Amino acid sequence: MEEISFTQEQLDEAIQNAKNDWVEKEFNPVVAERDELLQFKPKELSEEEKAFQTKQQELFQKEVSLELKSAGLEKFAEFFNVQKIEDLQPQIEKFQGLLNEIKVEMGYVPADHKKQNEYDVFATKGDTKGMIATKLSKLFG
């Protein structure tokens, strides 16, 4: 086998060429892509901007709370999740509709409004003959 020898200059030049080739083909496209993507990176907020956003959020929550309180729904605040105040009113109306349906379903229905049968009519009058006649007519009728 024949031994190949390189001088230090030739070796340094080959390394430099390989490095330049790698930078050209691999490194530069990655850097260019990174630079292009940096435009989409969210801006770092300053402390004042963070404090301002916090105050805005608190104000929005107070506004939502006041709207719910004026509608009499402050106890149900945890069920309302809105990003804009305009979205709150339709939710309030829908919720109030549901509450009204529940109130109607669970409302008081008096027991004395049921239809009385013939026996009960005689019983309220104290007519024992009519009561007995009604019972007998059911047995033999």
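This is a short walk through the helices, charged contacts, aromatic rings and surface patches of the structure above. Keep in mind that the model is predicted.

Let us start with helix α1, which covers residues 8-37. Ile-15 is found in this helix, and with a relative accessible area of 52% it is exposed, because the cut-off for that label is over 50%. Ile-15 has nonpolar company on the surface: together with Ile-4, Phe-6 and Leu-11, Ile-15 forms a patch with about 450 Å² of accessible area in total.

Staying with charged side chains for a while, the model has four salt bridges. One of them joins Asp-35 and Arg-34, with N and O 2.7 Å apart. How open to the surface are these two partners, Asp-35 and Arg-34? Asp-35 has a relative accessible area of 41%, so it is partly exposed, and Arg-34 is likewise partly exposed, at 47%.

Another salt bridge links Glu-49 with Lys-43, and here the closest N and O atoms are 3.1 Å apart. The two ends of this bridge fall into separate classes of exposure: Glu-49 is partly exposed at 28% relative accessibility, whereas Lys-43 reaches 62% and counts as exposed.

Now move to helix α2, residues 47-70. Glu-47 and Lys-50 both sit in this helix, three residues apart, which is about one turn. Their side chains form a salt bridge too, with 3.9 Å between the closest N and O atoms; that pair counts because the limit is 4 Å. Glu-47 is exposed, with a relative accessible area of 60%, while Lys-50 is partly exposed at 41%.

Further along helix α2 you will find Glu-63. At 37% relative accessibility, Glu-63 is partly exposed. Glu-63 belongs to a negative patch on the surface, formed with Glu-67, Glu-86 and Asp-87. Why can Glu-63 be part of such a patch? Patch members need over 30% relative accessible area and no salt bridge, and Glu-63, at 37%, passes the accessibility cut-off.

Next come the aromatic rings. A pair of aromatic rings is described by the distance of the centres and the angle of the planes. The model holds four aromatic pairs. In one of them, the rings of Phe-76 and Phe-79 have centres 6.4 Å apart and planes at 40 degrees, so this pair is tilted. The label follows because stacked pairs lie under 30 degrees and edge-to-face pairs over 60, with the rest called tilted.

Which residues do the ring pairs bring together in a cluster? Phe-76, Phe-79, Phe-80 and Phe-95 are linked in this way. Two of these residues can also be placed by their exposure: Phe-76 is partly exposed at 28% relative accessibility, and Phe-79 counts as exposed at 56%.

The tour ends in helix α3, which runs over residues 88-105. Glu-105 lies in this helix and is exposed, with 66% relative accessibility. How far is Glu-105 from Glu-93, in sequence and in space? The two are 12 residues apart along the chain, and their C-alpha atoms are 18 Å apart.

How values were computed:
Residues numbered from 1 in each chain as written. Predicted model: local features only at pLDDT ≥ 70, side-chain atom pairs only at ≥ 80, totals over all residues. Heavy atoms only, no water. Patch = residues over 30% accessible without salt bridge, like charges linked within 9 Å, V, L, I, M, F, W, Y side chains within 5 Å. Areas by Shrake-Rupley, 256 points an atom, 1.4 Å probe, with all protein chains shown as cover. Lys, Arg positive; Asp, Glu negative; His and termini not counted. Charge placed at Lys NZ, Arg CZ, Asp CG, Glu CD. Helix = DSSP H or I, 4+ residues; strand = E, 2+ residues; numbered from the N terminus. Buried < 20%, exposed > 50% of the residue type's maximum accessible area, 1.4 Å probe, protein only. Phe/Tyr/Trp six-rings, centres within 6.5 Å; stacked < 30°, edge-to-face > 60°.
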